[in-house]
Amino acid sequence: MRHLLKLSVPTLAACLLLAACGSSKSSTATSANAAAPQTTGPSTATVKTASSSLGTILVDAQGMTLYHLSGEQNGKFICTSTACTGIWHPLTITAGSTANGAVGSLSTVKRPDGTTQVTYKGTPLYTFASDQQPGEVKGQGIKDVGTWSAVTTGSESSRGSTQTTAPSEGGGGGGGYGY
């Protein structure tokens, strides 16, 4: 019996060690996958203009409104957590690619996670998860870690106009997403 116990203890310890290693590896992979921002395409991002209740706004290739976050400019990022990027999707492209479209002042910036995000006049661009149809502006004016605004082509600001009109169609106003 004592001999059997001597063999059982090391076997049990080895099983526990293997189980711990396996679960650690899978949770790391899950965390890494969840942290990656959504991309709009493999190598290019097209930015266009469209008319909306806010005036002429910037939209992506699918016509979805592009937003920026107050305080994010010149390489400073506030929306970096998975909770934030899960709601506000960075407009990203493959590193080394360029953004294109009929809109001037497009460039790119490297995000903290290493992805390349499209910018307009130095401001990183995002889409909003609650905008389900092209041209919707439900993210306009949402305040959480800053104020989210649809990017317009007006000339009132060096970063593009960020009108502070009241949100339309039940969007915006308050957020409290807590990220």
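**Strand pairing, an aromatic cluster and a disulfide in a predicted model**

A hairpin joins strand 1 to strand 2 through two residues, and this is a convenient place to enter the structure, which is a predicted model. Strand 1 covers residues 45-52 and strand 6 covers residues 99-101. Strand 2, made of residues 55-59, pairs with strand 1 in the antiparallel sense, with five bridges between them. Within this pairing, Lys48 has Val59 of strand 2 as its bridge partner. Strand 1 also pairs with strand 6, here in the parallel sense and over three bridges. In that parallel pairing, Ala45 stands opposite Ala99 of strand 6.

The confidence of the prediction deserves a word before the side chains are considered. The mean pLDDT of the protein chain is 72, and 62% of its residues reach 70 or more. Over residues 7-42 the pLDDT is below 50, and this stretch has 17 contacts in the model beyond near neighbours in sequence. A second stretch, residues 155-179, also stays under 50 in pLDDT. For residues 155-179 the model has 58 contacts beyond four places in sequence.

Aromatic side chains offer a rewarding place to look next. The model holds five aromatic pairs. One of these brings together Trp88 and Phe128, whose ring centres are 4.2 Å apart; their planes meet at 25°, so the pair is stacked. Trp88 belongs to strand 4 (residues 88-90) and Phe128 to strand 10 (residues 126-128), so this contact between rings ties together parts that are 40 residues apart in sequence. Both partners are shielded from solvent: Trp88 is buried, with a relative accessible area of 0%, and Phe128 is buried at 4%.

Another of the pairs is formed by Tyr126 and Trp148. Their ring centres lie 5.0 Å apart and their planes stand at 90°, so the arrangement is edge-to-face. Tyr126 is found in strand 10 and Trp148 in strand 11 (residues 148-150), so the pair ties together parts 22 residues apart in sequence. Tyr126 has a relative accessible area of 0% and is buried; for Trp148 the value is 0% as well, and Trp148 is likewise buried. Taken together, ring pairs link Tyr67, Trp88, Tyr126, Phe128 and Trp148 into a cluster.

Strand 10 is worth following a little further, through Thr127. This residue has its place in strand 10 and is buried, with a relative accessible area of 11%. Leaving aside residues up to four places away in sequence, Thr127 touches Asp60, Met64, Thr65, Leu66, Tyr67, Ile87, Trp88 and His89. Two of these partners, Tyr67 and Trp88, are named in the aromatic cluster.

What joins Cys79 to Cys84? The link is a disulfide, with an S to S distance of 1.9 Å. The count for the model comes to one disulfide. The torsion about the S-S bond of Cys79 and Cys84 is about -115°, so the disulfide is left-handed. Are these cysteines buried or exposed? Cys79 is buried, and Cys84 is buried too.

Technical notes:
Residues are numbered from 1 along each chain as its sequence is written. This is a predicted model: local features need pLDDT of at least 70, side-chain atom pairs count only at pLDDT 80 or more; totals for chains, interfaces and linings use all residues. Side-chain values use heavy atoms; hydrogens and water are left out. A disulfide is a pair of cysteine sulfur atoms within 2.5 Å. Buried means under 20% relative accessible area, exposed over 50%, partly exposed in between (1.4 Å probe, protein chains only). Rings of Phe, Tyr and Trp (its six-membered ring) pair if their centres lie within 6.5 Å; planes under 30 degrees apart count as stacked, over 60 as edge-to-face and the rest as tilted. Helices (H or I, at least four residues) and strands (E, at least two) are DSSP runs, numbered from the N terminus. pLDDT is the predictor's confidence in each residue, from 0 to 100. Contact means heavy atoms within 4.5 Å. Two strands pair if DSSP finds at least two bridges between them.
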